[in-house]
Amino acid sequence: MSSGGLELPPGDSGHEGGQADAPGGVPGAAAAGAAVSLAQPADGEVRAGAELDWSADAWSEVRTRAQRAGRAYIWLNLIEQRLRSVVGAVLRPVYEPVHGGDDWVVAAAGPAGQEWVQRAVAVREVSRRKGYLLDPADDNVLSFLTLPQLRELMVQHWPCFEPYFDDRREIELALDELEVTRNVVSRNRALSRPVLEQAERASARLLEVLGAGSGSPSADRLPIDAVEDLVGDRYADVISVHPDRVRLQRQLPAEDLFGGARRLDAIGIGLNLLVQNFSGRRLVRLSEAGCRVRLLFLNPASSAVKRRERELGLRKGELSRSVEMNILHVRRVRAGLTDPSRFDIHVFDETPRFTAYLVEGQSSGIAVVQSYLRRARGMEAPVLVLRGGGRGVPKDADHGLFQTYREEFESVWEDSRPVS
């Protein structure tokens, strides 16, 4: 997930529609939303009885396009609802007392908008007759205006909106970026990953400008996006899964994970993600800024380290020396602190079952968790990223994995020994 949310499977983003106009293509295939065009014969000759089945690659392409379009649609839906609410809140008090009912929308559109507002009225009447309106709250003309029309109302009456929003240009630029995505989604064409990511950034920025942002500074490390907010409860508090730590760090570098933390608890064999990717000076500044740090290493002299060395095929003492070096490093960090009491280092002697970094900010938390595999180093093990604590967390977060690993950490911490 490039914007903090659930990752989508990769797809070929280089196609923007079918090849209906190419020799051997099927007329109208692109207009019908076909994601994959039919291959033309090798000799270039058009034959009767075209092959209509899709291959496995074609189905994979279609699925990727549908997933991207669905994600973009959620953002566009949120923006349109928010803009509709803003337009109604600002313009209704101006026009409704004079024109009343739904006529205030017609009056606000003015002569320049008569055509599209009358079209919205006609669509509403058709929906009424056919029973398409399922929610009485949408039985009004404003609900039938599209995103470009809502934008036009905002631009035409900008003096009414100016007291509430500082930068008109920023709003218009964000809406311009979204219009590209809206055209692609509405016409069921291929939505490339860069365009989707651009739309997500523009949507998040626009929601913030329109007063619907999260306003949580600590959440900026891995912001909650629209998709996670809507479907995150399907996966407890798991917000992303990565096949190894390398791919994790591409999306969530150590600086973004640990920077700004108010509480940092970590448990593992050597805690390489923290020790080798977050400098000692940054760790000192983090602690001096008020972060409470508790680090729990596997005892390098324990029999569990020797078993782990045999599992990984390492030379005798190789892993224990690596863990010792990491412990010495964080001891030097602790020695340089004004208040070393807020920086605790412990070791445990049990069989290591997982490594976890539980990072909590002022209003939200993030955890990175890996299970130990018999033949794989920590860098190569699958990674879960969990959301925990604070506003915007999925509904069943109290029974999610974040709290489970928090309890496991506390249990091992109670049985561990401090490092002098």
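Reader: Is Glu311 buried, partly exposed or exposed, and what is its relative accessible area?
Author: The model is a predicted one, and within it Glu311 pairs with Arg308 through a salt bridge between their side chains. A residue counts as buried under 20% relative accessible area and as exposed over 50%, with partly exposed in between. Glu311 falls in the middle class, because its relative accessible area is 28%.

Reader: Which class, buried or exposed, does Arg308 belong to?
Author: Arg308 and Glu311 meet in a salt bridge with an N to O distance of 2.9 Å, and they are separated by about one helical turn, being 3 residues apart in helix α13. The relative accessible area of Arg308 is 5%. Because buried means under 20%, the class of Arg308 is buried.

Reader: Which residues form the positive surface patch?
Author: One member of the patch is Arg307, a residue of helix α13, which covers residues 303-312. Arg307 has a relative accessibility of 34% and therefore counts as partly exposed, and patches are made of residues with over 30% relative accessible area and no salt bridge. The positive patch is formed by Lys306, Arg307, Arg310 and Lys316.

Reader: How many ångströms separate the C-alpha atoms of Ser303 and Asp349?
Author: Ser303 is also found in helix α13, where it counts as partly exposed at 45% relative accessibility. Along the chain, Ser303 and Asp349 are 46 residues apart. In space, the separation of their C-alpha atoms is 7.9 Å.

Reader: Which residue forms a salt bridge with Arg119?
Author: In general, side chains of opposite charge can pair when their charged atoms come close. Arg119 is partly exposed, with 44% relative accessibility, while its partner is exposed, with a relative accessible area of 60%. Both residues lie in helix α3, 4 residues apart, which is about one turn of the helix. The closest N and O atoms of the pair are 3.2 Å apart, and the partner of Arg119 is Glu115.

Reader: Where in the chain do Arg205 and Glu177 lie?
Author: The side chains of Arg205 and Glu177 meet in a salt bridge, with 3.6 Å from N to O. This pair links distant parts of the chain, 28 residues apart, with Arg205 in helix α7 (residues 193-209) and Glu177 in helix α6. Arg205 is partly exposed at a relative accessible area of 30%, and Glu177 counts as partly exposed at 25%. The places asked for are therefore helix α7 for Arg205 and helix α6 for Glu177.

Reader: How many salt bridges does the count come to?
Author: A pair is counted when a side-chain nitrogen of Lys or Arg lies within 4 Å of a carboxyl oxygen of Asp or Glu. Some residues are linked in a network of salt bridges, namely Arg263, Asp265, Arg294, Glu360, Arg406 and Glu410. By this rule, the count of salt bridges comes to 25.

Reader: What covers the buried residues of α4?
Author: Helix α4 spans residues 147-156, and its buried residues are Leu147, Gln149, Leu150, Arg151, Leu153 and Met154. Several helices take part in covering these residues. The cover includes α1 (56-99), α2 (103-109), α3 (114-130), α5 (158-161) and α6 (168-186).

Reader: What is the relative accessibility of Leu271, which has a positive phi although it is not a glycine?
Author: Leu271 has a phi of about 55° and is found in the loop between β2 (263-268) and α11 (272-275). Asn188 likewise has a positive phi, near 55°; Asn188 is found in the loop between α6 and α7 and counts as partly exposed at 45% relative accessibility. Leu271, by its accessibility, counts as buried, and the value is 2%.

Reader: What share of the residues in the protein chain is buried?
Author: The secondary structure of the chain comes to 15 helices and 8 strands. Among contacts between residues at least 6 apart in sequence, 73% join residues at least 24 apart. The chain exposes about 21800 Å², of which carbon and sulfur atoms supply 51%. Of the 420 residues in the chain, the buried share is 44%.

Technical notes
Residues numbered from 1 in each chain as written. Predicted model: local features only at pLDDT ≥ 70, side-chain atom pairs only at ≥ 80, totals over all residues. Heavy atoms only, no water. Patch = residues over 30% accessible without salt bridge, like charges linked within 9 Å, V, L, I, M, F, W, Y side chains within 5 Å. Areas by Shrake-Rupley, 256 points an atom, 1.4 Å probe, with all protein chains shown as cover. Lys, Arg positive; Asp, Glu negative; His and termini not counted. Charge placed at Lys NZ, Arg CZ, Asp CG, Glu CD. Helix = DSSP H or I, 4+ residues; strand = E, 2+ residues; numbered from the N terminus. Buried < 20%, exposed > 50% of the residue type's maximum accessible area, 1.4 Å probe, protein only. Contact = heavy atoms within 4.5 Å.
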